[in-house]
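Q: Pick one spot in this fold and walk me through it closely, please. I'd like its surroundings too, and some idea of how far to trust the picture.

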Amino acid sequence: MRELVLFRLQRLSALALIGFVAAHLAGILVFTHRGLSAAVILGRVQDWLWLYGVFAVVAALHAGIGLRALARERFRFAPRRHARHVAFYAFAAHRLTGLALALFLALHLAALWRLPDAEIFDGALALTAHPLARAGEILIVAALALHLAGGARILAAEFLPARARGGGRIAASVLFAGAVAAAYALWGQA
């Protein structure tokens, strides 16, 4: 029973995160490309802080259940006989990007708690113009794209009829979509 509840929570939180992450990234792009100050940004999101709290709880729940699955697997991805199959690479990419995103989430939330006023926030925004920060943003967007593609592959395998899954074609197309999204992220940030 407990495993079924965790399974459902993992899938529901994944679906909710699609909307949350898309809205969050869109907001970041709009705010930063318009050159808004931290005071203006904080003023605009002040009424939506409860929604950011829900976003953080859903992300932490999703990451926690995912990390639990990784720990239960003891970081063994698959027996050697499956290591050359394209689905193995999709599975491994999903697990590794999930681990990286969970680490990023913890660091991101810790940093946000340290931004209580506009002055400190402006200083943090200034840091994002540094080339290393830009490279980090590109890596995070690429990891998000790959993790989303891997999650779509898992949902397709679990919920679509067998004839609609396409077997290895889905894994290959997911890897291709992830690579395209990563290339787009790299091109869009340059």
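**A close look at His94**

A: His94 is buried, at a relative accessible area of 10% (buried is under 20%, exposed over 50%, and partly exposed falls in between, using a 1.4 Å probe and protein chains only). This is a predicted model, where local features need pLDDT of at least 70 and side-chain atom pairs count only at pLDDT 80 or more, while totals for chains, interfaces and linings use all residues. Side-chain values rest on heavy atoms, with hydrogens and water left out, and residues are numbered from 1 along each chain as its sequence is written.

His94 sits in helix H4, which spans residues 86–113. Helices here are DSSP runs of H or I with at least four residues, strands are E runs of at least two, and numbering starts at the N terminus. Setting aside neighbours within four places in sequence, His94 is in contact with His147, Gly150, Gly151 and Ile154 (contact means heavy atoms within 4.5 Å). Those four partners are also listed on the H6 side where H4 and H6 meet. The C-alpha atoms of His94 and Leu146 are 6.7 Å apart, though 52 residues separate them along the chain.

Next door in sequence is Arg95, also in H4, and it counts as buried too, with 17% relative accessibility. From Arg95 to Gly151 it is 9.8 Å, C-alpha to C-alpha, across 56 residues of sequence. In the helix pairings, Arg95 turns up among the H4 residues that meet H3, while His94 is one of those that meet H6.

Now the H6 side. H6 covers residues 131–159, and its axis comes within 8 Å of the H4 axis, crossing at roughly 130 degrees. Axes are lines fitted to C-alpha atoms, for helices over the stretch in contact, with angles from 0 to 180 degrees between N-to-C directions. That angle makes the pair oblique: under 35 degrees is roughly parallel, over 145 roughly antiparallel, 65 to 115 roughly perpendicular, and the rest oblique. The crossing is left-handed, meaning the near helix is turned anticlockwise from the far one by less than a right angle (clockwise would be right-handed). Besides His94, H4 brings residues including Phe91, Gly98 and Phe104 to this contact. By class, its residues are 10 nonpolar, 6 polar and 1 charged. Nonpolar takes in Ala, Val, Leu, Ile, Met, Phe, Trp, Tyr, Cys and Pro; charged is Asp, Glu, Lys and Arg; the others, Gly among them, are polar.

On the Arg95 side, H3 and H4 have axes within 10 Å that cross at roughly 135 degrees, so this pair is oblique as well. This crossing is left-handed too. H3 residues including Ala56, Leu67 and Glu73 meet H4 residues, among them Phe91, Arg95 and Leu109. That contact has 11 nonpolar, no polar and 2 charged residues.

Stepping back, the protein has 8 helices and 0 strands, and 25% of its 190 residues are buried. Among contacts between residues at least 6 apart in sequence, 78% join residues at least 24 apart.

As for trust, pLDDT (the predictor's confidence in each residue, from 0 to 100) averages 76, with 75% of residues at 70 or above. H3 has the highest mean among the elements, 86, and H7 (residues 162–165) the lowest, 60. Where pLDDT is low, don't read the predicted coordinates in detail.
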